[in-house]
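User: Please take a close look at the ligand and its surroundings in this structure. Which residues come nearest to the ligand, and what lines the pocket around it?

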Amino acid sequence: MVIHPSLLSRLKDQTLVVEAAKVGTEWQSWAQDGSRFDVTNPATGEVLASLPALGPIEARRAVEAAKRAQKAWAKRTGKDRASVLKRWHQLWLENLDDLAVILTSEQGKPLTEARGEVLYGASYLEWFAEEAKRIYGDIIPAHAENLRILVMKQPVGVVGAITPWNFPNAMIARKVAPALAVGCAMVAKPAAETPLSMLALAMLADRAGIPDGLFSVITARSGSEFGKEMTSNPDVAKITFTGSTEVGRILMRQGAEQIKKLGLELGGNAPFIVFDDADIDAAIDGAMAAKFRNAGQTCVCANRIYVQSAVYDAFLEKLSARVSTLKVGNGIDQGITIGPLINAASIDKVQDHIADALAHGARIVTGGDTSPLGPLFLNPTVVADVTSAMKVAREETFGPLAPVFRFETVDEVIAMANDTEFGLSGYFYARDMARIIKVAEALEVGIVGVNTGLISTEVAPFGGVKQSGLGREGSQYGVEDYLEIKYVCLGGQEA
Ligand code: NAP
């Protein structure tokens, strides 16, 4: 149980790295059976910290504490809840540098991206703190003279949250901010690879005056026991999950018994389409952002790049020139733009997609080789002449591989883009307005970026269609997931 000096020495406030979980009202350093798991730095392989491997007992205790805390929290005014959340937001910003260092150390992304993620996470807290004062109900004109009809919005209660490793700060921010704003409590489990970021936020929550028990962070070696407890515990009103479609399905099956409410932000297979009337330089900028941010490990990552025949060669040439300027390395070092992947399985998947594409007739334009920097580093790669028969067309690669497909017509590319069970995001570059409207309407996704590769913001609804999820996070729609609608019919009124 020693926090690695490479992490501690970079922090202004060393108390933000904790080797304990927040279980209800207490910070707990040990599991009952003493078991622990290590958090490692994917860039160096160093063990950063060791955490208690907690199980259903602790998760249950956290739910009991959450249930108690939630009742009192929901009674407080929206303005009061907003002021506590704003204090948390303020601390989040004041500790930006440390939160970013913790994030890069456990997740690997370049420090500038980590800072961007911390700010992005904080923006949700600010947005929903403001929204806490605006949870409006309705009065509906009644169907009889002696009746009045009220619609109340009430918090669902205790929410179980499960988040992935690719955005350890922002993914919990998108959940905990709206949940607490409307009067819910949350019991959360971070991914085993990246728990330190969420624990640091829980530490700041304590300092901000978030009531004890309202936000628990359960550290566990794997998510399955926690998922089972959340789906079977009758005191958990809702589960919000961000991660793979496969685990989303498991939670849905497990929650069926209690008709558990679910918010699911799942996998994607985003098309990125470049039409022949596009501004090619702008499309290259967009492709770089949508494809290579977080080394390609984002759910809205451009997974399939479709380029119209007339501009195919020019786009490929410019893309490969830009990709070869990316700098691979330890994200903590200055100037690095591509960090390590999260684990060996991720490396294997990208390499498998490259090998499969080559075996089926694609060619490498840039990269394709491993990096000498360490086992989790891969050189960013561009592969051309990709077809729908290849794995990259169907599976989420989740790595720094840009597969480029050629297409001829608008209808052809719409059909190709929609030929997937996923429907999170899609991007395209074009100038013709009729084409823009047609394609934006036709893409079967929850989020469309037109002439931009960056679409995430707290003010817009984020979420997918098809097998990419249920519900939306962010914007005024983001509070709906944490509210119940109650209709009150008032009889005996003066006619
Ligand atoms: P994952 O394997 O589904 O894991 C996500 C979380 O679920 C982790 O905390 C994991 O815990 C937990 N988990 C694993 N098995 C579980 C089970 N049986 N029951 C309950 N929880 C379980 O996904 P990932 O590989 O970490 O993340 C990448 C995926 O997330 C990609 O598909 C990506 O597209 C998606 N994603 C979607 C969004 C979105 O907003 N739509 C955002 C980011 C990522 P442990 O790892 O500790 O076992």
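Analyst: **The ligand and its pocket**

In this predicted model, the ligand is surrounded by 32 residues, of which Thr163, Gly223, Ser244, Leu266 and Glu396 come nearest. By class, this shell holds 15 nonpolar, eleven polar and six charged residues.

Polar contacts to oxygen atoms of the ligand involve both backbone and side-chain atoms of the protein. A backbone N or O atom of Ala192 lies 3.0 Å from a ligand oxygen, and a polar backbone atom of Gly243 is 3.3 Å from an oxygen atom of the ligand. From the side chain of Glu265, a polar atom likewise lies 3.3 Å from a ligand oxygen. The ligand taken alone exposes 900 Å², and the protein buries 88% of that.

The space taken by the ligand is the largest pocket. Two or more residues of the shell around the ligand come from each of helix H6 (170-182), helix H8 (224-232), strand S10 (236-242) and helix H9 (245-255).

The largest pocket itself contains about 1,100 Å³ of space. Its lining comprises 42 residues, and Pro164, Trp165, Gly243, Ser244 and Val247 lie nearest the centre. Here H8, S10, H9 and helix H12 (344-359) each supply at least two residues, with H9 giving the most, seven residues. The lining of the largest pocket divides into 15 nonpolar, 15 polar and twelve charged residues.

Gly243 thus appears twice in this account: its backbone has a polar atom 3.3 Å from a ligand oxygen, and the residue is among those nearest the centre of the largest pocket. Ser244 is likewise among the residues that come nearest the ligand and among those nearest the pocket centre.

Terms used:
Residues are numbered from 1 along each chain as its sequence is written. This is a predicted model: local features need pLDDT of at least 70, side-chain atom pairs count only at pLDDT 80 or more; totals for chains, interfaces and linings use all residues. Side-chain values use heavy atoms; hydrogens and water are left out. A residue is near a molecule or strand if one of its heavy atoms lies within 4 Å of it. A polar contact is a pair of N or O atoms within 3.5 Å; within protein, one must be able to donate a hydrogen and the other to accept it, and residues adjacent in sequence count only if both atoms are side-chain atoms. Accessible areas come from the Shrake-Rupley method with a 1.4 Å probe; for residues, only the protein chains shown count as cover. On a 1 Å grid over the protein atoms alone, a cavity is a set of points where a 1.4 Å probe fits but cannot get out, and a pocket is an open set with protein on both sides within 12 Å along at least five of seven lines; lining residues have an atom within 4 Å of a point. A molecule sits in a cavity or pocket if more than half of its atoms lie within 2 Å of its grid points. Helices (H or I, at least four residues) and strands (E, at least two) are DSSP runs, numbered from the N terminus. Ala, Val, Leu, Ile, Met, Phe, Trp, Tyr, Cys and Pro count as nonpolar, Asp, Glu, Lys and Arg as charged, and the others, Gly among them, as polar. Grid points are joined across faces, edges and corners, and a volume is the space filled by probe spheres set on the points.
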